[in-house]
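Work through the exercises below with the sequence and the coordinates at hand, and try each task before reading its solution.

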Amino acid sequence: MKVGVVTFPGSNCDEDALLAIREHVHLEAVPLWHKDHDLQGVDVVILPGGFSYGDYLRAGAIARFAPIMQEIAAHAKRGGPVIGICNGFQIACEAGLLPGGLLRNDHLQFRSMPVTLRVESTATVFTREASAGALLTMPIAHGDGRYSADAATLDRLEGEGQVVFRYVDATGHPTSAANPNGSLRNIAGVSNASGTVVGLMPHPERALDPLLGSTDGLVLFRSLLALTKA
Amino acid sequence: MTAQRTPPSASHGVRPRPGDPTITPALVAEHGLTMDEYGRLERMLERTPTFTELGIISALWSEHCSYKHSRPVLKTLPTQAPWVLQGPGENAGVISIGDGLAIAFKIESHNHPSAVEPYQGAATGVGGILRDVFTMGARPIAMLNSLRFGSLETPRVRYLVAGVVKGIGDYGNCVGIPTVAGDVMFDPAYEGNPLVNAMCVGLLREEELIRAKAEGVGNSIIAVGARTGRDGIHGASFASEDLSEENEAKRPRVQVGDPFTEKLLLEASLELIRSGHIVAIQDMGAAGLTSSSAEMAERGDVGVTIDTTKVPVRETGMTPYEILLSESQERMLVVATRGHEAEVQAILAKWDLVAEVIGEVIAEPVYRVTEGDRIVAEFPGTRLVTDCPQYHPEARESEEAIARRTRDVAAIAPKGEEADPAWTLERLLQSPTIASKHWIHRQYDSTVRTGTVSGPGAGDAAVIRIRGTTKAIAVKTDCNGRYVYLDPRVGGRIAVAEAARNVACTGATPRAITNCLNFGNPKKPEVFFQFREAVYGMGDACRALETPVTGGNVSLYNENPQGAVYPTPTIGMVGVLDDAAHATRMTFTTPGDAIVLLGENTDELGGSEYLSWVHGVVAGAPPHCDLDRERALIGTILEAIRAGQVRSAHDCSEGGLAVAIAESCMGDRARPTGARLDLTAWGALPLRALLFGEAQGRIVVSTAHAEAVLAIAQRHGVPARVIGQVTAADQGLTIAAAQGRCTSTIDRLATAYHEAIPRAMARAAAETVTETAGGTR
């Protein structure tokens with residue numbers, strides 16, 4: 001299995017994602033360039049974090065027009081796995097690969113801190129190895145992470161298991177104190193209907209090494225490995 | 001050399017440019033030059049300068065660029081060690097950390113811009129220091145900030161704090177460099193003159209080190225990155241004068257940052273350096289194109305010629321004067337090997353950036369600027385920067401500082417509430433200087449680049465692992481300006497010693513420093529005295545601790561009509577851990593562990609946060625700093641950590657022993673512990689000195705093997721004693737001393753410590769601040 005990590009101008013977690021896949025998941029990982037139309041035969045695409053195009057206009061709004069996004073949309077349509085992390089989640093929403101969108105944090109400040117997530121759905125290619133209700137700790141670092149969608153969409157996502165992660169407190173409850181950015185219904189990550197495209201604001205690639213405090217991000221990438229065995 | 005590339009020769013002559021102002025004494029004064037300095041310029045040129053030449057010299061001979069008041073004193077600092085690869089004089093200092101790897105690091109001030117425009121002032125400070133590091137060929141891996149503000153009780157200060165923190169965060173977060181450490185202090189002495197010092201740390205392979213030295217006659221000088229606009233003209237001169245209400249009108253001199261372009265420039269520059277197509281690269285920082293080109297020429301001992309019509313501009317009708325002095329951000333000057341210009345342009349184009357050939361390295365020893373065919377400036381020689389005036393100002397200690405230092409602070413009567421030491425402890429934990437800075441840190445991305453082993457607030461210094469090795473580095477900034485004010489020599493020593501101690505508490509060997517010297521107007525004898533003595537003190541400590549100075553920055557004129565800031569020689573220290581797994585944090589982890597105090601308690605209250613915060617008194621001699629003892633203490637803690645005997649280590653600084661213990665209990669609010677202490681061994685000391693005095697050379701350690709730690713301390717000749725035990729959080733904090741008892745719940749202490757700054761800043765959100773930089777209108 002081969003994983004591609006897209007570099008947009010302003011991506012700054014692309015190198016972290018490449019190293020994460022190589023060092024901790026032990027898969028081949030290649031960089032993909034925003035101006036190209038070539039996915040280099042990758043099986044999985046990571047849209048990494050950062051500030052693509054400076055987040056000017058609106059986070060992810062310009063990146064969706066990058067040449068490589070046409071190929072990624074086609075890959076997703078074929079059922080190819082795509083994960084959008086932080087800015088990558090914003091891009092995926094702007095590109096219509098995922099429902100909803102991400103707005104400025106309700107308190108208007110950037111937030112960098114560890115958060116606790118509860119796994120809400122194991123019916124995605126990135127969570128199939130996780131247990132429903134499991135609590136994962138990993139960092140967030142964003143200014144535009146308030147997940148939003150209209151009430152009907154939210155109800156549909158809840159009903160069809162497309163809410164993948166929720167911000168919760170240490171005991172697993174989705175309290176407002178545990179919500180770092182004002183996301184509706186404490187939603188931290190969602191998937192498309194088929195569970196092949198997942199986006200989340202927290203950074204699983206920063207939670208793979210015990211030296212850095214948490215290895216809870218591993219389960220997302222281990223789920224990919226299960227895909228190769230399937 | 002081909003004929004068409006031969007630059008216009010000097011015989012063409014320099015003539016005033018039509019439309020440029022005539023040189024008058026008033027114009028000279030407006031450029032910040034004295035008539036003596038102007039006379040020196042005329043003698044150098046053997047004629048009247050043009051307006052463009054006057055502008056160039058006003059920038060190059062500004063304090064910011066020339067160090068004309070500070071250089072002789074700075075030369076006394078130690079700069080050598082076997083591991084120093086690059087000392088002062090380059091964009092950044094560089095030390096080897098073994099395995100063919102090196103660390104480039106530098107600290108720089110952006111005080112004046114931040115005083116008038118906190119958001120952009122702080123943001124562009126971050127941008128500038130990043131460029132200084134990546135132009136050495138290093139990839140930035142960590143940012144630090146040392147900030148000083150006035151009292152958080154005033155709306156203006158809350159506005160400055162909010163703006164500076166957002167500016168730092170927005171820039172560093174966007175570029176993707178973790179902001180991992182720093183220090184923040186509050187004191188009315190910084191009212192109106194906040195200090196914003198940014199430090200960047202980068203990693204490189206030793207063989208990729210590149211210097212900003214123009215070389216190779218015929219090589220092309222290329223402007224790279226953002227286009228040049230009219231912003232920031234005379235920023236360097238602005239930073240070289242006192243702040244006044246008029247400075248508000250100089251807001252346009254503050255540049256505007258674009259971190260997105262910076263990120264592209266970072267990637268393009270590193271690619272350029274690794275490509276082998278260039279011989280030198282330098283940031284166009286203070287005094288922009290002028291100082292970058294003049295400094296590169298001087299280092300290479302070559303001449304240069306630059307054509308301002310070739311410089312990519314973002315607005316029309318810019319004069320050579322404006323193009324040369326613009327401080328538009330995110331620009332670089334590159335010297336490319338002749339014939340490789342197209343390759344350079346291709347790399348920049350990949351990152352959607354422009355690169356234009358604007359000049360050439362020439363054999364003739366001259367600094368020449370043309371506007372097309374017309375020569376608008378021409379200076380003989382290649383030492384335009386160092387051939388500046390040098391001053392040896394008078395130095396005399398102020399009577400006020402002497403009076404304050406010699407005041408008998410033991411005679412200051414305790415307040416009634418102090419009968420319960422827990423009241424004093426809680427109050428100190430609420431002091432913004434001591435209180436948790438989590439409100440600030442949570443606005444900085446500290447985990448990007450997946451290297452942060454120990455981030456902001458977790459340990460006495462931040463620890464960043466070095467990928468591909470077992471190593472890590474520890475970084476920290478420090479300086480207690482109050483100590484330096486009360487006794488500059490001792491204060492200078494303490495600044496270095498405390499930074500070294502902090503780095504050592506994480507398990508790292510202190511290796512080298514960069515410094516940012518923030519002082520007032522050097523023409524005042526009392527300010528120059530502070531400067532000279534503080535630098536001597538730093539030198540004492542750097543020699544004793546083997547941490548040479550690899551570079552830094554001098555920021556003078558940090559004063560306004562209300563007076564100067566505390567003399568603040570901020571130290572940025574870098575240390576190395578051979579094994580990242582040894583990284584040690586400051587908080588207690590395990591009930592039952594013994595608490596060991598390394599070092600000795602004393603009867604010293606002078607210059608303490610206790611006196612300042614509880615009594616409103618800045619007086620007394622700062623604590624004694626014995627550098628031999630500091631060295632032995634560092635040896636002890638490093639050996640104990642490497643032997644695996646240390647569970648936590650935290651030095652005693654502002655607030656003294658009681659605050660250090662309280663922080664070790666509840667610094668990590670999610671995992672608090674309690675502690676039970678017995679300090680009866682120090683029955684001869686006044687209780688407040690024992691609990692809140694700031695004696696130097698002390699570290700609080702928690703350990704499962706107290707005997708082993710005591711034995712190591714004994715071998716190093718360091719006093720050490722078991723002073724208590726870590727307990728469960730619900731046991732609270734209990735300190736028994738012969739003179740009294742201090743008991744508190746952990747919850748109360750944590751509330752005081754963690755909620756002080758958020759509570760103050762919550763008020764800022766509701767305030768509209770329209771005051772000017774002077775503080776009043």
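**Exercise 1.** Determine how the residues of the lining of the second largest pocket divide into nonpolar, polar and charged.

*Solution.* The lining divides into 13 nonpolar, 24 polar and 13 charged residues, where Ala, Val, Leu, Ile, Met, Phe, Trp, Tyr, Cys and Pro count as nonpolar, Asp, Glu, Lys and Arg as charged, and the others, Gly among them, as polar. The largest share of this lining, six residues, is supplied by strand S18 (residues 549-555) of chain B, strands (E, at least two residues) and helices (H or I, at least four) being DSSP runs numbered from the N terminus.

Before going on, note that this is a predicted model, in which local features need pLDDT of at least 70 and side-chain atom pairs count only at pLDDT 80 or more, whereas totals for chains, interfaces and linings use all residues. Residues are numbered from 1 along each chain as its sequence is written, chains are lettered from A and ligands numbered from 1 in the order in which they are written, and side-chain values use heavy atoms, with hydrogens and water left out.

**Exercise 2.** Locate the partners of the salt bridge between Arg104(A) and Asp144(A), and state what the pair ties together.

*Solution.* First, the side chains of Arg104(A) and Asp144(A) meet at 2.9 Å, N to O, which satisfies the criterion for a salt bridge (a side-chain nitrogen of Lys or Arg within 4 Å of a carboxyl oxygen of Asp or Glu). Next, Arg104(A) lies in the loop between strands S5 (101-103) and S6 (111-119) of chain A, and Asp144(A) in the loop between strands S7 (135-142) and S8 (146-148), so the pair ties together parts that are 40 residues apart in sequence. Finally, Arg104(A) is partly exposed because its relative accessibility is 43%, while Asp144(A), at 15%, is buried (buried is under 20% relative accessible area, exposed over 50%, partly exposed in between, with a 1.4 Å probe and protein chains only).

**Exercise 3.** Find which residues are linked with Arg166(A) in a network of salt bridges.

*Solution.* Begin with the salt bridge between Arg166(A) and Glu120(A), whose closest N and O atoms are 2.8 Å apart; this pair links strand S9 (residues 163-168), which holds Arg166(A), to the loop between S6 and S7 of chain A, where Glu120(A) sits 46 residues away. Arg166(A) is buried at 10% relative accessibility, and Glu120(A) is partly exposed at 24%. The network joins Arg166(A) and Glu120(A) with Arg118(A), Asp155(A), Glu158(A) and Arg185(A).
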